[in-house]
Amino acid sequence: MTDLRAIDASEFRALATDAASIYGEAMRRSPEVVVQRRDIITAHVTYRGFVAAGVFDAMSLVGFGYGYQGVPGQWWHDVVAAGLGRDRAKRWLRDGFELAELHVRPDHQGYGDGRRLLDDVLSRANGAHAVLSTPDTESPARHLYRSYGFADLCCDFRFPGSQEAYAIMGVDL
Ligand SMILES: CC(C)(COP(=O)(O)OP(=O)(O)OC[C@H]1O[C@@H](n2cnc3c(N)ncnc32)[C@H](O)[C@@H]1OP(=O)(O)O)[C@@H](O)C(=O)NCCC(=O)NCCS
């Protein structure tokens, strides 16, 4: 039986290595990318409106989700704003909560924790909309986001330095 609870920024900073490791397993990323992700998470906890939740199994983190209120000058915000174009960027990003990460360790997937994490984080998110990027495939994550009401804002989107196609999705909160 897993426990879900809110995690504040300082506790999440202490869990950054565990969270990055779950990200690596869930997304099948290399050890180098996992280390980079840990540093990115450590920066994200300082962002305005940071909201996180974790799922724990016997005190170990096995899943997490978090986001924040994005602002111009942040890498993801600026790249996505350029991709959406001025009008849609204003519509979705000006008062948007950016769901940065949502991952459940592979051996814990399929038991409802991903949906509980998404519900919990978005129920506490500040902003009129939530926006996210996810690999542009028919993945479990895409199904989960669609069932929550997220719609595609942009498909086949490439982030600088990556060949992987992403979808940008958004929902009004
Ligand atoms: C996306 C993810 C967090 C979902 O977590 P989870 O605990 O496995 O999901 P849940 O058991 O709560 O299922 C929630 C919904 O996800 C979808 N889903 C889950 N497994 C699925 C599968 N094998 N095929 C299709 N849809 C699936 C369904 O919509 C499901 O809703 P339902 O139970 O009403 O059918 C998890 O699969 C994961 O970590 N995936 C890899 C990392 C990733 O893609 N993260 C998102 C990056 S943006």
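In what order do the elements of the protein chain run from the N terminus on? The answer is β-α-α-α-β-β-α-α-β-α-β-α-β-β. Keep in mind for each view that this is a predicted model.

**View 1. The whole chain, with its seven helices and seven strands.** Those helices and strands make up the secondary structure of the protein chain. Its radius of gyration is 15 Å, close to the 16 Å that the globule rule gives for 173 residues, so the chain is as compact as a globular protein of that length. If you want a box for it, the C-alpha trace spans about 45 × 30 × 30 Å along its principal axes.

**View 2. The ligand in its pocket.** What the ligand fills here is the largest pocket. Around the ligand sit 19 residues, and the closest are L102, G110, G112, G114 and R115. By type, that shell splits into nine nonpolar, eight polar and two charged residues.

**View 3. Who builds the shell.** Five elements are worth picking out: α2 (16-27), β4 (96-104), α6 (113-123), β5 (129-135) and α7 (140-148) each give the shell at least two residues. The largest share goes to α7, with five residues.

**View 4. Polar contacts from L102, H103 and V104 to the ligand.** Start with L102, where a backbone N or O atom lies 2.8 Å from a nitrogen atom of the ligand. For H103 it's the side chain that takes part: one of its polar atoms is 3.2 Å from a ligand nitrogen. V104 goes back to the backbone, with an N or O atom 2.8 Å from an oxygen atom of the ligand. As for cover, the ligand has 920 Å² of accessible area on its own, and the protein covers 70% of that.

Terms used. Residues numbered from 1 in each chain as written. Predicted model: local features only at pLDDT ≥ 70, side-chain atom pairs only at ≥ 80, totals over all residues. Heavy atoms only, no water. Near = heavy atom within 4 Å. Polar contact = N/O pair within 3.5 Å; in protein donor to acceptor, adjacent residues only side chain to side chain. Areas by Shrake-Rupley, 256 points an atom, 1.4 Å probe, with all protein chains shown as cover. 1 Å grid on protein atoms, 1.4 Å probe; cavity = no way out; pocket = protein on both sides within 12 Å on 5 of 7 lines; lining within 4 Å. Sits in = over half its atoms within 2 Å of the grid points. Helix = DSSP H or I, 4+ residues; strand = E, 2+ residues; numbered from the N terminus. Nonpolar A, V, L, I, M, F, W, Y, C, P; charged D, E, K, R; others polar. Rg over C-alpha atoms; globule rule 2.2 N^0.38 Å.
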